[in-house]
Amino acid sequence: MELAIFVALAVGAGCGFFNGLLISRIPNLSAIIVTLAGSSLYRGIAYILLGDQAVGGFPSWYSYLAWGYIGKTNIPFIMVAFLLSAILYGFILHRSTFGRKVYSIGNNLTAARFSGVPVAKIKQIIFTLNGLMAGVAAVFLTSKLGSSRPNIATGYELEVIAIAVLGGVSPSGGRGGIVGACLALILMRLLRYGMGLKNIPGQVMMVIIGIVLVCVVMIPNLLTFRKKPIKLSKTQE
């Protein structure tokens, strides 16, 4: 099982590296399109390997990753892992030179490139880390469910996008932070758990999350539009 965990993390990092290679080396290639296409590709490979079967029978200690607590406290081990990850990446993003380069690429790719920022290298590192953390999430998710199947986490990408945008992360890049994303994550999970307590079907949950995503993207644009003065042409004046 230890080897399986290592392979899962390596495969996640490898998939992220492949996505980053495409995005950083091929000009004008949309990162969102490559990520979604890569998701379909990797899920298809999982279907080829497993078919419609589920893999289970994990050792008891593996369930401790998602269900266990730290010592005799009521602090879940998975929460500690989440907080440590948030602190680590918060420091990297907000307190390091690497983080400033990430923001500069998101704000103005051309200016960052002419300022000497290694854009391709930074993008490669970002997507590799993204894939690695996807592997970490997969380990915790399979630990929580006690099994793995090809269609696991289907639809999670929509929820992840909603959380990022709700947390102030700009889809075009250059804006957002770890604190906002963490707060949006807590809010979204409370929304989903609340709907679960009301026995709302999963399909309806996806509709509600989609509506939330549309509203979150639309409202800031409407507010910005209202603040902009309307300029009249000379003929209109």
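**Figure 1. Packing of helix α8 against helix α9 in the predicted model.** Helix α8 spans residues 156-166 and helix α9 spans residues 178-197. Their axes lie 8 Å apart and make an angle of about 130 degrees. Angles over 145 degrees would count as roughly antiparallel and 65 to 115 as roughly perpendicular, so α8 and α9 are classed as oblique to each other. The crossing of α8 past α9 is right-handed. On the α8 side, the contact is formed by Glu159, Ala162, Ile163 and Leu166. On the α9 side, the contributors are Ala181, Ala184, Leu185, Leu187, Met188, Arg189 and Arg192. By class, the residues of this contact are eight nonpolar, no polar and three charged.

**Figure 2. Surroundings of leucine 166 in helix α8.** Leucine 166 belongs to the contact between α8 and α9. Leaving aside neighbours within four places in sequence, leucine 166 is in contact with Ala184, Leu187, Met188 and Val216. Of these, Ala184, Leu187 and Met188 are also listed among the α9 residues of the helix pair. Valine 216 is 50 residues away from leucine 166 in sequence, yet the two C-alpha atoms are 6.0 Å apart. The relative accessible area of leucine 166 is 31%. Buried requires a value under 20% and exposed a value over 50%, so leucine 166 is partly exposed.

**Figure 3. Packing of helix α4 against helix α7.** Helix α4 covers residues 77-95, and helix α7 covers residues 119-145. The two axes come within 12 Å and cross at roughly 170 degrees. Because of this angle, α4 is roughly antiparallel to α7. Helix α4 contributes Phe77, Ile78, Ala81, Ser85 and Tyr89 to the contact. Helix α7 contributes Leu129, Met133 and Phe140. The contact of α4 with α7 comprises seven nonpolar residues, one polar residue and no charged residues.

**Figure 4. Serine 143 in helix α7 and its contacts.** Serine 143 has a relative accessibility of 1% and therefore counts as buried. The side chain of serine 143 reaches the backbone nitrogen of alanine 66, at a distance of 3.3 Å. When residues up to four places away in sequence are not counted, serine 143 touches Tyr62, Ser63, Tyr64, Leu65, Ala66 and Trp67. Helix α3 comprises residues 60-67.

**Figure 5. Isoleucine 75 in the loop between α3 and α4.** The relative accessible area of isoleucine 75 is 41%, so this residue is partly exposed. Isoleucine 75 touches Tyr69, Ile70 and Val80, with residues up to four places away in sequence not counted. Alanine 86 follows eleven residues from isoleucine 75 along the chain, and the C-alpha atoms of the pair are separated by 16 Å.

**Figure 6. Asparagine 28 and alanine 153, two loop residues with positive phi.** Most residues other than glycine have a negative phi. Asparagine 28 has a phi of about 60 degrees although it is not a glycine. Asparagine 28 is found in the loop between α1 (2-25) and α2 (31-50). With a relative accessible area of 84%, asparagine 28 is exposed. Alanine 153, likewise not a glycine, has a positive phi of about 65 degrees. The loop holding alanine 153 runs between α7 and α8. Alanine 153 is partly exposed, with a relative accessible area of 24%.

**Figure 7. The protein chain around the close-up views.** The protein chain has ten helices and zero strands. Read along the sequence, the pattern is α-α-α-α-α-α-α-α-α-α. Taken along the principal axes, the C-alpha atoms fill a box of roughly 75 × 45 × 40 Å. The chain has 237 residues, of which 24% count as buried; serine 143 of Figure 4 is a buried residue. Among contacts in the chain with a separation of 6 or more, 64% join residues 24 or more positions apart. The contact between leucine 166 and Val216 in Figure 2 spans 50 residues in sequence.

Conventions. Residues are numbered from 1 along each chain as its sequence is written. This is a predicted model: local features need pLDDT of at least 70, side-chain atom pairs count only at pLDDT 80 or more; totals for chains, interfaces and linings use all residues. Side-chain values use heavy atoms; hydrogens and water are left out. Helices (H or I, at least four residues) and strands (E, at least two) are DSSP runs, numbered from the N terminus. Buried means under 20% relative accessible area, exposed over 50%, partly exposed in between (1.4 Å probe, protein chains only). A polar contact is a pair of N or O atoms within 3.5 Å; within protein, one must be able to donate a hydrogen and the other to accept it, and residues adjacent in sequence count only if both atoms are side-chain atoms. Contact means heavy atoms within 4.5 Å. Axes are lines fitted to C-alpha atoms, for helices over the stretch in contact, and angles run from 0 to 180 degrees between N-to-C directions. Angles under 35 degrees count as roughly parallel, over 145 as roughly antiparallel, 65 to 115 as roughly perpendicular and the rest as oblique. A crossing is left-handed if the near helix is turned anticlockwise from the far one by less than a right angle, and right-handed if clockwise. Ala, Val, Leu, Ile, Met, Phe, Trp, Tyr, Cys and Pro count as nonpolar, Asp, Glu, Lys and Arg as charged, and the others, Gly among them, as polar.
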